[in-house]
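Welcome, and please load the model in your viewer before we set off. Each stop below tells you what to select next.

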Amino acid sequence: MSEQERTLRDAVAKQASLGNRRSEFNNSAKKANIFCVTSGKGGVGKTCFSVNFALALAKCGKKVIIIDGDFGFSNVNIMLGKNAKYTLEHIVHGEKRLEDVMEECYPNVWYISGGSGVSELVKMRDDQMEKIIEQLGILEREMDYIIFDTGAGMNDNIMKMIHASDQAILITTPEPTSILDSYVVLKTASEEMPVGNVTAVINKAASEKEAVETFHNFSNVVHRYLKCDVDMLGFIPFDSRVPQAITAMVPYIVKYPGSAVAYQFQQIASRITNSHPEKKEGGLKNFILRLIRGRGNRNAG
């Protein structure tokens with residue numbers, strides 16, 4: 001265990017032992033930004049983006065934790081070269097505490113395996129909800145960014161995560177089927193309530209020109225038919241070495257730090273760290289309430 005990991009675990013354990021945790025959570029001065037990384041279909045590089053995005057943010061001096069929300073089909077651990085013993089599900093059921101479940105993978109990057117824990121969140125009783133808020137509320141004070149890597153597609157849990165997060169990052173590629181599936185995701189999400197802060201990343205682009213043209217075509221259709229705006233967060237160029245990094249279970253920007261892909265990830269991370277995304281009222285507590293009950297302050301953010 002590294003000195004940094006030991007320090008954070010000690011901090012988490014100390015926070016968890018405080019008496020009036022709920023009051024402290026509500027009055028927390030620091031609130032991490034919550035990102036939901038999602039896509040309309042599998043195979044577009046969503047999880048690869050989440051992992052490398054987290055590492056790029058860490059290189060900017062930020063503390064980041066990835067929570068794997070793709071229950072049943074988790075592969076964040078594979079890309080990080082980790083095999084988690086415990087998952088978020090153990091926290092939901094009160095079997096383990098946060099410090100037992102979170103694991104440092106790289107400097108300033110931590111990981112929590114979702115298991116079926118994200119699915120379990122939406123079925124929690126009020127007493128379970130209070131416990132999970134106490135536990136995960138610690139992350140909001142200790143981290144700068146919390147990244148939920150969702151499954152691909154349009155199930156109810158993913159829709160709730162899109163609405164609950166401070167910013168949803170939609171991963172798509174220039175392929176027409178990927179663009180169509182991304183549009184359907186936003187259409188489905190907007191049918192329940194207005195979609196808030198959504199950005200798009202064009203992955204596997206042949207060139208910056210192709211990425212920009214793809215985004216403009218996509219955003220114009222979204223604006224015309226869904227009456228909502230999507231911003232372009234950036235693009236990631238196609239690189240045939242990505243599968244090699246996945247096979248080696250080493251994040252791409254660690255294996256190929258001088259590549260064009262690594263450069264674009266750092267550009268995206270810099271845009272995030274140099275901006276001040278609007279946070280939804282209530283922070284992580286309201287995020288959890290939205291997941292559980294489909295409610296919270298929907299007018300916020």
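Is Lys 204 buried, partly exposed or exposed? Select Lys 204 and turn on the surface: its relative accessible area is 37%. Because buried means under 20% and exposed means over 50%, Lys 204 is partly exposed. Keep in mind along the way that this is a predicted model.

**Stop 1: the strand around Lys 204**

Widen the selection to residues 198–205, and you have strand S7, where Lys 204 is found. Now look at the backbone of Lys 204: phi is near 60°, a positive value in a residue other than glycine. Most residues other than glycine have a negative phi.

**Stop 2: a second positive phi**

Next, select Asn 108. Asn 108 is not a glycine either, yet it has a positive phi of about 70°. Show 103–106 and 109–112 as well: these are strands S3 and S4, and Asn 108 is found in the loop between them. Is Asn 108 buried or exposed? Its relative accessibility is 13%, so Asn 108 counts as buried.

**Stop 3: the whole chain**

Zoom out and color by secondary structure. The chain has 15 helices and 8 strands. Of its 301 residues, 54% are buried. The chain exposes about 12900 Å², and carbon and sulfur atoms supply 50% of that area. If you display contacts between residues at least 6 apart in sequence, 80% of them join residues at least 24 apart.

**Stop 4: helix H14**

Select residues 260–274, which form helix H14. Put a distance marker between the end C-alpha atoms: they are 21 Å apart, which agrees with the 21 Å that 15 residues should span at 1.5 Å a residue. Then show side chains for the buried residues of H14: Val 261, Ala 262, Gln 264, Phe 265, Ile 268, Ala 269, Ile 272 and Thr 273. In an α-helix, residues three or four places apart point the same way, because there are 3.6 residues a turn.

**Stop 5: where H3 meets H14**

Add residues 46–59, helix H3. What is the angle between H3 and H14? The two helices pack at about 65°, with their axes 8 Å apart, and H3 passes H14 in a right-handed crossing. On the H3 side, show Cys 48, Phe 49, Asn 52, Phe 53, Ala 56, Leu 57 and Lys 59; they meet Phe 265, Gln 266, Ile 268, Ala 269, Ile 272 and Thr 273 in H14. Color this contact by residue class and you will find 9 nonpolar, 3 polar and 1 charged residues.

Key. Residues numbered from 1 in each chain as written. Heavy atoms only, no water. Helix = DSSP H or I, 4+ residues; strand = E, 2+ residues; numbered from the N terminus. Buried < 20%, exposed > 50% of the residue type's maximum accessible area, 1.4 Å probe, protein only. Contact = heavy atoms within 4.5 Å. Areas by Shrake-Rupley, 256 points an atom, 1.4 Å probe, with all protein chains shown as cover. Expected span 1.5 Å × (residues − 1). Axes fitted to C-alpha atoms, helices over the stretch in contact; angles between N-to-C directions. Left-handed = near helix turned anticlockwise from the far one by under 90°. Nonpolar A, V, L, I, M, F, W, Y, C, P; charged D, E, K, R; others polar.
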